[in-house]
Amino acid sequence: MYRIQWKKAICMVAAVFMLSSLLAGCAGNNATKPAEDAAKKEETAKTEFSADKKPEDYNCTLTTWGWDENYWNTVTSAFNKKYPNVKFEYTPMANGDSVQKYQTALAAGTELPDIAWAIIDSRAKLFELDMWEPLNKPPYNFDINQVFDYLKPVMVNSKGDVCGIEQSVSPAGLAYRRDLAKQYLGTDDPAELEKMLPTWDAFIEKGKEIKQKSGGEIFMWPGMGDAAQFIREQNPSPWVENGKIMATKSLKPTLDLLVKFRDAGIVDKLDAWSPAWYASYGQGKHMFAGCATWTSQFVIQPNDKDGKGKGHWGLMNAPGGNISWGGTTLGISKTCKNKDAAWEFIKFATLSKEGAEAIKQIGNFTSAKEPYKDPNFASFKDEWFGGQDTGKFFIEQVIPQIKLRPMTKDDNIIHDAMQLVTTALNSNPQMTSDEALKKLIEEIKNKLPDAQIE
């Protein structure tokens with residue numbers, strides 16, 4: 001009996017020992033697994049991002065979804081001269097669809113593009129999606145001080161991580177038809193025009209004179225949307241403060257000025273980006289237009305075909321200051337299978353001198369500061385702007401004036417609501433700015449019912 005009990009005791013001790021060992025082993029594995037995974041990931045990254053790799057060693061296909069194929073073809077062609085074995089697959093996407101398409105891919109678990117684009121209008125919302133490689137962290141270690149200072153706040157998410165680098169800068173001034181300016185204002189010299197039009201009130205008064213002289217045939221703007229876009233971006237006040245949408249403080253001044261423009265009868269009724277609006281750039285009926293670095297390539301050149309070499313256009317500082325108009329970043333998605341190649345491409349496209357020279361051929365200017373150490377790099381003479389150096393104007397005169405409004409995640413909704421209200425002001429000559437503000441708040445509430453708006 002005693003021997004049986006003793007044997008049982010020995011067996012129980014052995015079982016407890018084995019179970020304890022097993023549990024300890026499991027616990028040890030659980031505790032060390034994340035560390036092992038992180039070490040393995042770091043080692044993999046070191047291998048992938050090897051400094052010993054030559055450009056020809058990168059052999060893969062990189063995908064992207066974008067809305068500027070001319071830019072993409074230009075910069076990828078330049079990249080392939082140095083990296084011949086990297087192929088690219090480009091899928092067209094409207095920039096207004098980017099939030100929905102990225103969210104859908106994330107929800108469905110389908111692949112994102114290797115290189116992801118983010119437009120400025122919805123960037124704050126896009127950068128909060130869990131899809132971006134933090135370019136400021138290893139293995140990328142991007143130093144944000146390489147780009148123009150004013151761009152830094154619009155290249156990071158709420159955690160301070162860099163989610164993308166600007167394809168190019170987008171400074172904007174005011175373009176004008178030289179023939180109309182000479183005929184109705186007596187000069188086509190930009191400095192003289194700037195003295196004549198120091199404020200929007202002075203602009204309106206001159207517009208009234210031109211309306212009378214031309215018998216109502218010549219307008220200062222093609223449409224209210226053009227005026228709204230420019231004036232709105234001149235105001236750096238945040239659209240959202242402490243969780244409240246500041247409609248009265250940040251957006252009402254734009255509505256007030258739009259009503260002044262409309263009531264003076266100096267603005268045509270064309271809807272921005274409509275076929276009639278594009279065609280108007282070749283008709284010589286509208287004296288002024290907002291003009292960013294990309295405007296000549298996308299708007300003026302295709303629609304004012306007779307203007308090449310004739311200097312139809314001039315560029316000047318706008319009353320009330322110049323702005324940044326647009327902007328798109330390139331980032332790397334977390335699902336990218338060739339992150340080292342994607343990073344090589346983004347560095348080339350946005351930070352290198354070769355990339356800067358490539359996009360300059362189409363009138364785009366790099367966001368990196370380094371190429372501008374060559375004092376002649378900014379120089380660019382557009383055949384539609386005669387002998388004026390528009391490149392130096394944008395880089396040396398406009399960029400130092402830019403004051404960007406902080407991004408907020410509902411920017412695209414507020415932006416869309418402003419466009420609706422601008423259209424309403426244009427079609428209803430009786431609508432006051434107070435009524436426009438009320439409609440603006442209603443439109444925002446329709447999309448954001450829980451929003452606090454004042």
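**Figure 1. Polar contacts and surroundings of T366 in the predicted model.** In this predicted model, a polar atom of the T366 side chain lies 3.1 Å from the backbone nitrogen of A368. The T366 side chain also reaches the backbone oxygen of T350, at 3.0 Å. T366 itself sits in the loop between α13 (353–360) and α14, and with a relative accessible area of 0% the residue is buried. Apart from neighbours within four places in sequence, the residues in contact with T366 are F148, S168, V169, T350, A356, I359, P371, Y372 and F377; T350 therefore appears both in this list and as the residue whose backbone oxygen is reached by the threonine side chain, under the 4.5 Å heavy-atom limit that defines a contact.

**Figure 2. S122 in the loop that follows strand β3.** S122 is placed in the loop between β3 (115–119) and α4 (123–127). Because its relative accessibility is 6%, S122 counts as buried. When neighbours within four places in sequence are set aside, S122 is in contact with S98, V99 and N412.

**Figure 3. Two salt bridges, each within a single helix.** In helix α6 (residues 190–196), K195 and E192 lie 3 residues apart, about one turn of the helix, and their side chains meet in a salt bridge with an N to O distance of 3.9 Å. K195 counts as exposed, at 64% relative accessibility, whereas E192, at 38%, counts as partly exposed. In helix α7 (residues 200–213), K206 forms a salt bridge with E209, the closest N and O atoms being 3.4 Å apart. These two residues are also 3 residues apart, and so are separated by about one helical turn. K206 is partly exposed at 22% relative accessibility, and E209 is likewise partly exposed, with a relative accessible area of 36%.

**Figure 4. A salt bridge between distant parts of the chain.** R405 and E233 form a salt bridge in which the closest N and O atoms are 3.3 Å apart. The pair links distant parts of the chain, since R405 belongs to the loop between α14 (390–398) and α15 (411–427) while E233 belongs to helix α8 (residues 224–234), with their positions 172 residues apart in the numbering. R405 counts as buried, at 14% relative accessibility, and E233 is buried as well, with a relative accessible area of 17%; both values fall under the 20% limit, which is why neither residue is called partly exposed. Elsewhere, K125, K409 and D410 are linked in a network of salt bridges, and a search of the whole structure finds 27 salt bridges.

**Figure 5. Strand β8 and its pairing with β5.** Strand β8 (residues 288–292) is largely enclosed by the rest of the structure, because 5 of its 5 residues are buried. In a regular strand the side chains alternate between the two faces of the sheet. Both faces of β8 are covered, with F288, G290 and A292 buried on one side and A289 and C291 buried on the other. Strand β5 (residues 171–177) runs antiparallel to β8 and is joined to β8 by 5 bridges; within this pairing, Y176 stands opposite F288.

**Figure 6. The open sheet β6-β7-β12.** In this open sheet, 3 strands follow the order β6-β7-β12 with mixed pairing. The edge strands, each pairing on one side only, are β6 (240–241) and β12 (452–453). Strand β7 (residues 244–245) pairs with β12 in the parallel sense over 2 bridges, and the bridge partner of K244 in β12 is Q452.

**Figure 7. The largest nonpolar core and a second, separate core.** In soluble globular proteins, nonpolar side chains tend to be buried together. The largest nonpolar core in this model holds 83 residues, of which L62, Y71, Y102, F142, I165 and F345 touch the most other members. Helix α12 (residues 339–351) supplies the largest share of this core, with 8 residues. Leaving aside neighbours within four places in sequence, F142 is in contact with L135, N136, V147, M155, V162, I165, W343 and L351. A second, separate core of 56 residues includes F230, L251, I266 and L448.

Key: Residues are numbered from 1 along each chain as its sequence is written. This is a predicted model: local features need pLDDT of at least 70, side-chain atom pairs count only at pLDDT 80 or more; totals for chains, interfaces and linings use all residues. Side-chain values use heavy atoms; hydrogens and water are left out. A salt bridge is a side-chain nitrogen of Lys or Arg within 4 Å of a carboxyl oxygen of Asp or Glu. Helices (H or I, at least four residues) and strands (E, at least two) are DSSP runs, numbered from the N terminus. Buried means under 20% relative accessible area, exposed over 50%, partly exposed in between (1.4 Å probe, protein chains only). A polar contact is a pair of N or O atoms within 3.5 Å; within protein, one must be able to donate a hydrogen and the other to accept it, and residues adjacent in sequence count only if both atoms are side-chain atoms. Two strands pair if DSSP finds at least two bridges between them. A nonpolar core is a set of buried Ala, Val, Leu, Ile, Met, Phe, Trp, Tyr and Cys residues joined through side-chain atoms within 4.5 Å.
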